[in-house]
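Let's take a friendly walk through a protein model together. Have the sequence and the 3D view ready, and follow along as each part comes up.

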Amino acid sequence: MSKDSPEKPVHLIAHFTVNDADVYHQYEKGVFPILKSYGGRFITYDDQVTVLAGQRAQGRTVMIEFPLEEKLMVWWNSREYVELAKLRKASTTTHSVFVVHTPL
């Protein structure tokens, strides 16, 4: 990273509905060690967010922080996470997953 390109944290926000709690629990147990090994930090989750405007499907919203978008993408595409994500995909309905960038 150059002096002209400062490190800026990014946040992954995921919103999904859990359809199979037992399988999703297996995913939860495995995700934290993998997340940490790639520099990610679990921030919070909420099953009952307060919607101030617009529509939102019922479900869980999760927020994870990474020091750089590049680290997030390496984690997201890593062999370990791709394999574990099969449990997430099998146990949830994903409504959205997106990256929120820190402004300059």
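Our starting point is a single side chain: Glu83 has a relative accessibility of 49%, so it counts as partly exposed. Keep in mind as you look that this is a predicted model. Glu83 forms a salt bridge with Lys86, and their closest N and O atoms are 3.0 Å apart. Why do these two sit about one helical turn from each other? Both belong to helix α3, where they are three residues apart, and that spacing explains the separation of about one turn.

Salt bridges also turn up elsewhere, and the count for the model comes to four. Glu28, Asp47 and Arg60 are joined into one network by salt bridges that share partners. Within that network, the side chains of Asp47 and Arg60 meet at 2.6 Å, N to O. Asp47 lies in the loop between β2 and β3 while Arg60 is in strand β3, so this pair ties together parts that are 13 residues apart in sequence. The two partners can also be compared by how they are covered: Asp47 is partly exposed, with a relative accessible area of 30%, whereas Arg60 is buried, at 16%.

Another salt bridge joins Arg41 and Glu65, with 3.0 Å between the closest N and O atoms. This one links distant parts of the chain, since Arg41 is in strand β2 and Glu65 is in strand β3, 24 residues apart. Arg41 itself is partly exposed, with a relative accessible area of 46%.

Those strands lead us to the sheet. In what order do the strands of the open sheet come? There are four of them, arranged as β2-β3-β1-β4 with antiparallel pairing. At the edges are β2 (41–46) and β4 (92–101), each of which pairs on one side only. On average, neighbouring strands are turned by 15° against each other, direction ignored.

Now zoom in on β3. Its antiparallel pairing with β1 runs over seven bridges. Two places to look are His11, which stands opposite Glu65 in β3, and His15, which stands opposite Thr61 in β3. Strand β2 is joined to β3 by five bridges, and these two strands also run antiparallel. Here Asp46 has Thr61 in β3 as its bridge partner. Is β3 largely enclosed or open to the outside? Six of its seven residues are buried, so β3 is largely enclosed by the rest of the structure.

Next, see how the helices meet the sheet. Helix α1 packs on the sheet and touches β1, β2, β3 and β4, and its direction makes about 10° with that of β3. Helix α3, where our walk began, lies across β1 and β4 and runs at about 125° to β4.

Finally, look inside. In soluble globular proteins, nonpolar side chains tend to be buried together. Here, the largest nonpolar core has 18 residues, and those with the most contacts inside it are Phe66, Trp75 and Tyr81. Two or more residues come from each of β1 (10–18), α1 (21–37), β3 (60–66), α2 (69–76) and α3 (79–91). The element that gives the most is α1, with five residues. To see how such a residue is surrounded, pick Tyr81: leaving aside its neighbours within four places in sequence, Tyr81 is in contact with Tyr27, Val31, Ile34, Trp75, Trp76 and Arg88.

Definitions and conventions. Residues numbered from 1 in each chain as written. Predicted model: local features only at pLDDT ≥ 70, side-chain atom pairs only at ≥ 80, totals over all residues. Heavy atoms only, no water. Core = buried A, V, L, I, M, F, W, Y, C linked by side-chain atoms within 4.5 Å. Buried < 20%, exposed > 50% of the residue type's maximum accessible area, 1.4 Å probe, protein only. Helix = DSSP H or I, 4+ residues; strand = E, 2+ residues; numbered from the N terminus. Contact = heavy atoms within 4.5 Å. Pairing = 2+ DSSP bridges. Axes fitted to C-alpha atoms, helices over the stretch in contact; angles between N-to-C directions.
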